[in-house]
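Here is a note to read alongside the model, written for someone who is new to looking at protein structures. Please keep the structure open and find each part as it is named.

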Amino acid sequence: MVVLLTGGCKNGNSNTAQDIACSLRARLGGGLYYVATMESTGKEDDERIRKHVENREGLGFETIEMARDIKRLSTEKDKFLKPGTNTFLVDSLTALLAGEMFRTDENGEFVQDFGAAARICEDIRVLCEEKDFNLIFVSDGIYSDAALYDESTDAYREGLALIEREVAKTSDEVIEMC
């Protein structure tokens with residue numbers, strides 16, 4: 001099963017995704033994995049990460065940190081698998097795109113990678129074609145306001161919309177949180 005949860009920032013998407021993941025695991029067995037895509041850039045991110053860790057406490061999730069190159073989940077998942085149908089909660093597409101699109105290279109130089117969204121779409125396509133595990137994607141619908149932004153912010157917003165459309169095409173269920 002593939003599920004996409006989208007909606008406004010900080011509106012309960014992650015908690016709802018956790019509920020769905022726990023329900024799938026209760027029904028199908030297997031492992032329960034939280035794929036953390038956010039890299040902290042400061043105190044606010046640290047606090048958000050702390051709250052997410054606290055919310056998962058006692059639910060049985062194993063955390064996999066994967067801020068970039070999400071297709072590695074396809075090749076590395078075998079390290080984690082347990083008997084039954086395993087469930088991977090990817091939180092979030094928003095942070096994944098930010099990590100891929102705005103990063104520092106090996107020389108410490110800031111890089112804006114405008115091809116990141118297309119690459120993530122291809123990686124997700126590969127993941128979703130595998131039917132031996134469940135995938136739950138969390139995303140923040142940040143592209144629906146009417147404000148004017150600079151080129152890189154517009155590219156980011158358009159990239160996230162592209163990724164959500166790609167995930168929605170292969171999803172069994174799409175949920176918009178309001």
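**Notes on helix packing, the largest pocket and the backbone**

1. In this predicted model, helix α1, which covers residues 13-28, packs with helix α2, residues 43-56, at an angle of about 25°, and their axes are 11 Å apart. Because an angle under 35 degrees counts as roughly parallel, α1 is described as roughly parallel to α2. The crossing of these two helices, α1 and α2, is right-handed.

2. If you would like to see where α1 and α2 touch, look for Ser14, Asn15 and Gln18 on the α1 side, which meet His52, Asn55 and Arg56 on the α2 side. Sorted by class, this contact of α1 with α2 has five polar residues and one charged residue, with no nonpolar residues.

3. A second pair to examine is helix α5, residues 116-129, and helix α6, residues 151-170, which pack at an angle of about 15° with their axes 9 Å apart. These two helices, α5 and α6, are therefore roughly parallel to each other, and α5 passes α6 in a right-handed crossing.

4. On the α5 side of that contact are Ala117, Ala118, Ile120, Cys121, Ile124, Arg125 and Cys128, and they meet Gly159, Leu162, Ile163, Glu166, Val167 and Thr170 in α6. By class, the contact of α5 with α6 has nine nonpolar, two polar and two charged residues.

5. Helix α6 also packs with α4, here at an angle of about 130°, with the axes of α4 and α6 10 Å apart. That angle makes α4 oblique to α6, and α4 passes α6 in a right-handed crossing.

6. Which residues of α4 meet α6? They are Leu93, Thr94, Ala95, Leu97, Ala98 and Met101, and their partners in α6 are Ser152, Ala155, Tyr156, Gly159, Leu160, Ile163 and Val167. The contact of α4 with α6 has 10 nonpolar and three polar residues, and no charged residues.

7. Turning to the empty space, the largest pocket holds about 1000 Å³. This pocket is lined by 39 residues, and those nearest its centre are Met38, Asp45, Arg48, Ile49 and Ala95. The elements that give two or more residues to the lining are α1, β2 (32-36), α2, β3 (62-65) and α4 (93-101).

8. Which element gives the most to the lining of the largest pocket? It is α2, with 10 residues. When the residues of the lining are divided by class, there are 13 nonpolar, 14 polar and 12 charged.

9. Two places in the backbone deserve a careful look, and a general point helps here: most residues other than glycine have a negative phi, and most peptide bonds are trans. The peptide bond from aspartate 91 to serine 92, however, is cis, with omega near 10°, and serine 92 is found in the loop between β4 (86-91) and α4.

10. The other place is aspartate 69, which has a positive phi of about 55° although this residue is not a glycine. To find aspartate 69 in the model, follow the chain to the loop between β3 and α3, where α3 covers residues 72-76.

How values were computed
Residues numbered from 1 in each chain as written. Predicted model: local features only at pLDDT ≥ 70, side-chain atom pairs only at ≥ 80, totals over all residues. Heavy atoms only, no water. Axes fitted to C-alpha atoms, helices over the stretch in contact; angles between N-to-C directions. Helix = DSSP H or I, 4+ residues; strand = E, 2+ residues; numbered from the N terminus. Parallel < 35°, antiparallel > 145°, perpendicular 65-115°, else oblique. Left-handed = near helix turned anticlockwise from the far one by under 90°. Contact = heavy atoms within 4.5 Å. Nonpolar A, V, L, I, M, F, W, Y, C, P; charged D, E, K, R; others polar. 1 Å grid on protein atoms, 1.4 Å probe; cavity = no way out; pocket = protein on both sides within 12 Å on 5 of 7 lines; lining within 4 Å. Points joined across faces, edges and corners; volume = space filled by probe spheres on them.
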